Each structure stands twice: as C-alpha cells, then as structure tokens.
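Good morning, everyone, and thank you for making time for this short talk. I would like to take you through one model slowly, one region after another, so please have the picture open in front of you.

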Amino acid sequence: MKTILHLLKKEFAQFKRDRSMIAIVVLAPMIQLIILGYAANMDVRNIPMVVVNYDHSQHSRDLVDRFVNSGYYSILSYAESSSEIDSYIDRGDAAVALIIPKNFGNDLYAEKRPQLQLIVDGTETNTATTGMNYASMIISRYSQNIMVNRLDVSPGSQPAARVIPEIRIWYNPDLASRNFMIPGIVGMLLMVITINLTSLSIVKEKEIGTYEQLVVTPIKPYQLLAGKTIPFIMIGMADVILVLSVAFLLFGIPVKGSLVLLLFLSVIFLLTTLGLGLFVSTISRTQQQAMMTAVFFVMLPMIFLSGFVFPIENMPGFFQNISYLLPLRYFFEILRGIFLKGIGLTDLWDQALLLTLFGVAIFSMSALRFRKKIG
Amino acid sequence: MNAITVKNLTRKFGDFTAVDNVSFDVKRGEIFGFLGANGAGKTTVIKMLCGLLTSTSGNATVAGYDINTQPESIKRTIGYMSQKFSLYEDLTVSENLNFFGGVYGLNERDLNDRIAWAVEMAGLTDKKGALTGSLPVGWKQRLALGCALLHRPQVVFLDEPTGGVDPVSRRRFWDLIFTLAEEGVTVFVTTHYLDEAEYCNTIMLIHAGKIVAGGSPRQLKTEHIRYPMLEVNCTGIIESLNILQQQDWVIESSVFGTLLHVSVENEEAGSRKIKEVLSEHNITVHGIERIVPSLEDVFIHLTDKP
Ligand SMILES: Nc1ncnc2c1ncn2[C@@H]1O[C@H](COP(=O)(O)OP(=O)(O)OP(=O)(O)O)[C@@H](O)[C@H]1O
Ligand SMILES: [Mg+2]
C-alpha cells in the first residue's frame, strides 16, 4: 500500500511540473466542449426547399407557410412538376422537396388520407435527419390543428376515424442537437483522456528508461498497475465534473437524472479505457506509436461506430452489429439516458450490466498482459 | 562464496546470438570489470542478471538466488545503474531519492538516514531541491549511484557509469566504487576505459558475445602477451607499421598514439632488426624501449585475432 502511495506521489509531482499536461487535462476538454457545443451544434436552420404544389388550395398554402415560419426552411423555388425536383437536388441547391398532391385540401376534409411527399437529400445525413424530423413535426402539428378546428366547428361530431398520427419528438423537443451532443462529448473526452494518459505515461517511462529502473526495484506488478491507473481515474473524474459544470453554466444543460449514478457508471466505464490504455502500452515502444495506435485503432473506430457522429440507426447493418461490441455505445446510451431523460438504473440496468462486463473483461485481460510483460 | 556465478548463459534475439554460452564467477566484495567493445553483449548479460531480460538458456545466481526462479529475491539484494541515465529528470534530487527509497520499502527513519548519506556521498548537499535534469552528467551519475545504494544492496551493477563524464568526475566516481568495495559490496562494472579496468580486481573480456579472457589485470598482461614488447619512436608511423607488418619476425604490431608497439621474440635481436629495416626505408628511429604491455595491448592482442 505504501509503495502505491509513493508511486502516486511521484506521478502527481511530475504532473504538477508538466505544463502541457495541465493544458491537456484542463483546457483541452473545455475547448472541445465549447467548440463542439457551438460550432458543431447540428441544429439546422434555413434548409433550402423546393415546393411542388399541385393543389393550390388555401390549405396547402397554409402548410407551406408553416414550413417557412418555422424558420427551419427557406423556400428556394416553386416548381411546376415533380420532374423538375431532380435537378435541384442533384445540383445540391435544395436539400428537401415537398410535393403536395392535387386535392390535398379537399381530401383532408373528406377524411381521405392525403399523401404528402417529402424528398430529402440523403447525402448530408445530418441535415437529412434533422430536416425530416422538423418536417414530420410541422406536418403533424398542422394536421392536429385541422382536427381541433373541426372539433370547434362541429362539437358534436366524432373526430375523424382516421387520425393523422402525431409524431412527438421526445426528450429533445426542439431538436437542439447540442443537447444530444454534450453527453456524447463527456463520454468521448473521458475516453480520449484516460486512454492517452495511461498509455503515454507508461510508454514515456519505457522510452526514457525509467521503466527499467522501476522494474529492477521490488515493486510488484499490481502496485505499478495501481500507480499507473489511479491517477488517471482521478483526473478522468475531475474532467467529467469539469465538463458537466461547463455544460451547465455555459449551455444551461443540467443533468436531469442522478449525478451520483452518472459518476459511478463513469468509473465503471474507466475500467474499459484504462484497460485499453494498458493494452496499448504493452504493444508500443515509443510515445508516437502509442498515440497512433490509440487514435487510429482504438478511439476513432469507437467514436465513429458508437453513435457519437452517426446515429447507430443510420449505420449499415454490419456496423450496427459491431457497435454492440463497443462499450462506448453503452456508455453513450447511459449518459444520454441519465443526462437528458433523467432515467435511472431501472431503465438502464441492461446497458450498465453490459458496460460492466466489457469493462471487467477488457481491464483484466490487459492487466494480465501488462503483468506478464513486467514479470 | 561467490556473489555471482554464471553458467553457460545464452541470449538470442531472433537468429542473432548476443550472449553466447558465457560462464564466469564474481567473488564477494570484489570489483569486477566487464570489458568489451560496443555491441559485445555487456548490457545484455547485466540485464539477464538483474531480471530485466530472460535468458534463452543457461543459468546464473546472484547473491545465491537463481535468476530464473527467484528474480524477486534478487531485486531486493541488488542495486542497478543502467547505461542510460534513468532517474526522473522532472523530479528534484530529493524527490528522486525519496521515491526510490520509498519503493524499496525503507521506513521513514532509515530512509532519512540513507538519503542524508546519499546526498553527502554524491556531493549534492546544496542541490537537493534542484531538478535532476538540470544537473551536469557527472552529478547525475553520482545521484543515480546514490539511488541504487539506498537499500544497502550486496551487489551493485553499474553499466558504463562513467560514460560521457569528465576525468575529474570519473576519478571521483571511482573513489566511491573503492569505498563500496571496502565495505564489502560486490561491484560489477562495465567500462570502455582501459585505465578504469586497471582498477578492477578481476576483468572479464567479452567479444561478440563470447568471453575471450579473464583474470586480474596482472594475469591478463603476463599470460596473454608472452613476448617482449617494444615501444618504437620513429617518423612516418603508418609507413613504418606497414613495413614492420610485412616482416615475418614481427609477432604483432600496432599504433599507440604517435608510437608503435611491436612484439618480437627476442628483445635485443628484435630491436636491432627494427632499426635496420626502418633505416633501409629512410625512416629515422628516435628510440626503442622495452615496455610492460598495457591492458590495451592485451585487449588488441585478444580481439584482433581473426
Ligand atoms: N532488444 C534487442 N533486440 C535485438 N538485438 C538486441 C537487443 N538488445 C541488444 N541487442 C543486440 O545485442 C548485441 C549486444 O548488445 P549489448 O547492448 O549487450 O552490447 P554492449 O556490450 O552493452 O554494448 P555497448 O558498449 O554499446 O553498451 C548488440 O549487437 C545489440 O544490437
Ligand atoms: Mg551496453
């Protein structure tokens, strides 16, 4: 135990003297959060739209107005027929086309189901998903209004048998993607910082030769392991708290659920990242190698495939299946669940269980490999 | 009893044999010098003895413990100073001492005593708060020695401790080694400097992974060079060397600075013949003198053989 304390003391003494380290640990997370929070705020506005209106009734004009007034769309042009749409979308001028069929207004009141057509340029995934979400929201609100109006007109009559389903956008009603991003950023930062710090701090000692000096002392492998992981658990958790505070103070996004649960599950997640960090350190001889391995073979795939950049539902089936193997996926769901929905272990137990299993497995395998390398 | 026994120790890196079937003993309390050119395998032997590297085959004991089965016990009884400086440069002198003393499990009082001793020994009393990285090489090496000795090891391994150190600091470092040996510590030291080798009780010469000779400096000089050695002071060193090497009565010849060392069967006849043959080529001979061969002569004699 004393040996571990000596190791921790040494680690923090070095840490204190390394200005670049402080920058990495304190400034980098804040800057990332702020940049991603503002710039990569995937809140889409003024999506260029082409409208083909075969109906020309008051109702269809109402609907188009709603698109414009929402602020999410701007009408690029009105086309005469749907055959013109292709060229707009192909050229990338318009991201969305709305086609209103003939007799739209009449059909609405005749209780037929009018078919609105929305064509979305799928090449820009982000705009597309948000665009579709906005459109469904606008359309559903519109149809709801009509029904309410009709109830007003003839209070006795039954509402139409066919109810246009209301699409509600849960948890993030104004679709502000910042809300969606910030829990992701917490997870990503935690991962990047702990994997890097753990692997680099070990490989750095290998590179400058102090590692050898450690190995000839009677330090036991488990003590060295503790000395090389505990500091980064502490730093990682401090960073989580830092990022949560900035998210709240700057963006006004509070943690809806239990903060304690969030911190606890973060520690569980750290088993995975520390394990991966140790693993990287056992296969790298220089800091550059370690950095490259960590970034390209561990972190980028995790970030891309765990639903941080692309929603998992939009990924090809093969990659969706792979994402089940990535603990970051579970951690993202947990973070978003606790952060945005305010749900607890009753709803998240399966994700938490998987996260724990992966964490324990990855950490113990890496720890064994690390021990063998020293012994 | 021997402090170290090595039997048929071998280490391969892939197809390359860095240490080839090496055997030797180190007596308790002696200064044991391990000599060899770059890449001879010195560091590899030390690393195997300290448990930093596994052996491919063979066996060795350090302080009575087997390197293959009792590496943990060995770690407690040895001190190790690696060839590459390996203390924390971003820690201060006293932080380094505290850390290494701490991980060797010294209790507080012992630790303070030993640190005071080490600081005094290394002459770092007013540098305790200095960052280790800012010290001159000679000071760093003394600090590294201090760190390696905090836990009072029975055997210390010093891998080229004076590489890149100025002559005054080198001499000072060797004084520390003598003091250690007087206290009964076994010192296993590698070096490139042949004057340092003269300070050792026993020398082992390793060449391309194999032991080529061993013994006290005196033994090496008398056993391996049996012919008289003449030191020739003349003009045109290189030309003279070429001429002498073509004579069948010259056993060995080599350049030593501005002089030639030449081995011949008989001192007087040899001396005469050298003068003759060199004057034939218009080379002026200033003087010829019989000398006691130095370790360097032995070294060249042993490793120059095809
Ligand atoms: N990890 C390794 N992998 C492959 N070859 C190695 C390794 N370590 C050492 N060698 C090779 O083994 C040989 C012996 O190296 P070693 O470091 O023991 O020599 P040395 O006598 O200490 O040399 P120097 O005086 O330069 O320190 C060298 O040819 C070296 O290149
Ligand atoms: Mg060496």
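I will go through chain B, then its ligand and its cysteines, then some single residues, and finish with chain A.

Before anything else, please keep in mind that what you are looking at is a predicted model.

Let me begin with chain B as a whole. Its secondary structure comes to 11 helices and 14 strands, and its C-alpha atoms fill a box of roughly 75 × 45 × 35 Å when that box is taken along the principal axes. Chain B has 306 residues, and 52% of them count as buried.

Now please turn to ligand 1. Which residues come nearest to ligand 1? There are 14 residues around this ligand, and those that come nearest are B:G39, B:K42, B:T43, B:T44 and B:Q83. If we sort the shell by class, we find 5 nonpolar, 7 polar and 2 charged residues.

Three contacts are worth finding on your screen, and each one involves an oxygen atom of ligand 1. In B:T43, an N or O atom of the side chain is 2.5 Å from an oxygen atom of the ligand. In B:N38, it is again an N or O atom of the side chain, here with a ligand oxygen 2.9 Å away. In B:G41, by contrast, the partner is a polar atom of the backbone, and the distance to an oxygen atom of the ligand is 2.9 Å. Taken alone, ligand 1 exposes 640 Å², and the protein buries 62% of that area. As for where the shell comes from, the elements of chain B that give two or more residues to it are β2, residues 16–27, and α1, residues 42–50. The largest share, 3 residues, comes from α1(B).

Next, the cysteines. How many disulfides does the structure hold? Over all chains, the number is 0. Take B:C50 as an example: its sulfur has its closest cysteine sulfur in B:C147, and because the two are 16 Å apart, they are too far from each other for a bond. A disulfide here would need the two sulfur atoms to lie within 2.5 Å. Seen from the other side, B:C147 is in no disulfide either, with the sulfur of B:C50 as its nearest cysteine sulfur at 16 Å. Are these two cysteines buried or exposed? B:C50 has a relative accessibility of 1% and therefore counts as buried, and B:C147, at 3%, counts as buried as well.

Let us stay in chain B and look at a few single residues. B:T186 belongs to strand β8, which covers residues 186–191, and with a relative accessibility of 1% B:T186 counts as buried. A polar atom of the B:T186 side chain lies 2.9 Å from the backbone nitrogen of B:G29.

Two further residues of chain B have a positive phi although neither is a glycine. For B:E160 the angle is about 45 degrees, and this residue sits in the loop between β7, residues 155–159, and α6, residues 167–182. For B:N282 the angle is about 60 degrees, and its place is the loop between α10, residues 267–280, and β14, residues 285–291. Their surroundings can be contrasted, since B:E160 counts as buried at 14% relative accessibility, whereas B:N282 counts as exposed at 71%.

Finally, chain A. The domain assignment gives domain 1, made of residues 2–41 + 177–374, and domain 2, made of residues 47–153. Taken over C-alpha atoms, the centres of these two domains of chain A are separated by 44 Å.

Two serines of chain A close the tour. A:S323 is in helix α12, residues 317–323, and A:S323 is buried, with a relative accessible area of 0%. A polar atom of its side chain lies 2.6 Å from the backbone oxygen of A:Q320. A:S364 is in helix α14, residues 345–374, and A:S364 is partly exposed, with a relative accessible area of 34%. How far apart are A:S364 and A:G275 in sequence and in space? They are 89 residues apart in sequence, while from C-alpha to C-alpha they are 7.3 Å apart.

Thank you for listening, and please feel free to ask questions.

Notes: Residues numbered from 1 in each chain as written. Chains lettered and ligands numbered in written order. Predicted model: local features only at pLDDT ≥ 70, side-chain atom pairs only at ≥ 80, totals over all residues. Heavy atoms only, no water. Buried < 20%, exposed > 50% of the residue type's maximum accessible area, 1.4 Å probe, protein only. Near = heavy atom within 4 Å. Polar contact = N/O pair within 3.5 Å; in protein donor to acceptor, adjacent residues only side chain to side chain. Areas by Shrake-Rupley, 256 points an atom, 1.4 Å probe, with all protein chains shown as cover. Helix = DSSP H or I, 4+ residues; strand = E, 2+ residues; numbered from the N terminus. Nonpolar A, V, L, I, M, F, W, Y, C, P; charged D, E, K, R; others polar. Domains from an automatic or database assignment.
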